[in-house]
Amino acid sequence: MKLDLTDMLYALSFALDNVEAGLLGLDTGHCRRVAYLSVIMGKAAGYAEEELRDFAGCCMLHDNALTEYIHEELAEHKKIPASLAELLQNSESKMHIHHSVIGEKNIRLLPFRTNVSNIICYHHENADGSGIMKKTAFETPLKSQILHLADMVDMTRQLTNMEESEFEELKKWLQTNSGTMFSQGSVELFMNAVSFDDIVRLQNKGVYSYFEQELKTTFYDYTSEEVHNIADLFARIVDYKSEFTQSHSMGVAKLAEKMACYYGFDEEKTTRYYFAGALHDIGKLVVSNDILEKPGKLTADEFTKMKNHAAATYYVLSQIKGLSDVTEWAANHHEKLNGKGYPRGLTADDLSFEDQLMACVDIYQALTEKRPYKDGMSHEKTISIMTDMAAKGELNEKIVRDIDAVMAVHS
């Protein structure tokens, strides 16, 4: 399956940025801004384009374990810490340790072409060894030092509305902390490579154009296993967002693959269909947990916000070059044949067979899986409900029968 990995990570980082914005009070776009500053410094450090591409990808995903941390806090305390932003600022916090170490482990799932070891693991280390793992600048990669500086700059400064005088103050702050909080090498790179014009371009939403210019579109042909690993990483990020959907995306991906094999999709199409199943709910990262986890019936306004997740999935995936079919399969999972679904109110004439299949797979998985507020339904009960939905013109009747035949042996 051909993908431009950097392009894909840039698109998917939009959803991760929304999680951080909601929890930490950061301006939306944190991961992208950090990657932007890091690539400017990385270029000045002499990294070749392929190395810069992988570095950019790591920076975009440097906080990839944030939802996993939230999941563990929910499991342990039944609530998210009241002041997550304060936890992030505390260099000794469990959050720093967890999301650095687990984030490093997660990133190994991605098929980078160059060495990205320890970039994420050590991105909260201070140059003088006062960080969470007590590593000095002599013990950490320069890329990790660059990422640390860019991350702290964006977290402590309002780059999106920074004025030139504030930029000069930022440079003085970096120089003051050179050799203690930040390595001398990373500070020198910032001073020599990052100008106020770069901040202005960032403010004018020129980050993507910069990446297009510096990191030209490059498609690699990834194996089915590599694509599965990419999909699994983002499915876990989505599922960890809420304990109410703790394994839903992975369940949909596996069932989508099972049905793809049943219908005789070739290997390439089966891989793409698995990918669509894994990322069908990527838009839920922009939905508040208050809505995702409300045990009772949603108000009209809350339901409207919930429905936005399907539109957000379409937006995120449509930004990835070469995935137009995957985008439709993933984003149309709440459409109904009678036009009463969402977000676009498509009808049977508008929906492909793959769209209709994904809608059925999503419903089957949602009804049969166990959640904190309900037990999973039996196969028989689930098929009965889906058969009624097909009779009302909502689902494809033949697909419901086929899922019945495939899954009956596993129930």
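## Exercises on a predicted model

Aspartate 281 has a relative accessibility of 2%, so it counts as buried. Keep in mind that this is a predicted model.

**Exercise 1. Which residue does aspartate 281 pair with, and how far apart are the closest N and O atoms?**

Step 1. Look for the partner: aspartate 281 forms a salt bridge with lysine 284.

Step 2. Check the distance. The closest N and O atoms of this pair are 3.4 Å apart, and the cut-off is 4 Å.

Step 3. Now the lysine's surroundings: lysine 284 has a relative accessible area of 13%, so it goes down as buried too.

Step 4. Elsewhere, salt bridges with shared partners tie Glu268, Arg272 and Asp325 into one network. The full tally for the model is 16 salt bridges.

**Exercise 2. Take lysine 171 and lysine 172 in turn: which glutamate does each one meet?**

Step 1. Start with lysine 171. Its side chain meets that of glutamate 168 in a salt bridge, at 3.4 Å from N to O.

Step 2. Place that pair: both residues sit in helix α8, which covers residues 164–176, and they are three residues apart, or about one turn of the helix.

Step 3. Go on to lysine 172. Its salt bridge is with glutamate 169, with 3.7 Å between the closest N and O atoms. This pair is also in helix α8, again three residues apart.

Step 4. Sort the four by accessibility. Lysine 171 is buried at 17%, while glutamate 168 is partly exposed at 34%. Lysine 172 comes out partly exposed at 48%, and glutamate 169 is partly exposed at 45%.

**Exercise 3. Why is cysteine 31 not bonded to cysteine 59?**

Step 1. Find the closest cysteine sulfur to that of cysteine 31: it belongs to cysteine 59, 9.7 Å away.

Step 2. Compare with the cut-off. A disulfide needs the sulfurs within 2.5 Å, so 9.7 Å is too far for a bond.

Step 3. Try cysteine 59 from its own side. Its nearest cysteine sulfur is that of cysteine 58, at 6.8 Å, and cysteine 59 is in no disulfide.

Step 4. Count up: the model has zero disulfides. Cysteine 31 is buried at 0% relative accessible area, and cysteine 59 is likewise buried at 0%.

**Exercise 4. Where does the pLDDT stay under 50?**

Step 1. Get the overall picture: the protein averages a pLDDT of 89, and 89% of the residues score at least 70.

Step 2. Pick out one weak stretch. Residues 81–85 stay under 50, with eight contacts beyond four places in sequence.

Step 3. Add residues 87–92, where the pLDDT is also below 50; this stretch has 21 contacts beyond near neighbours in sequence.

Methods
Residues are numbered from 1 along each chain as its sequence is written. This is a predicted model: local features need pLDDT of at least 70, side-chain atom pairs count only at pLDDT 80 or more; totals for chains, interfaces and linings use all residues. Side-chain values use heavy atoms; hydrogens and water are left out. pLDDT is the predictor's confidence in each residue, from 0 to 100. Contact means heavy atoms within 4.5 Å. Buried means under 20% relative accessible area, exposed over 50%, partly exposed in between (1.4 Å probe, protein chains only). Helices (H or I, at least four residues) and strands (E, at least two) are DSSP runs, numbered from the N terminus.
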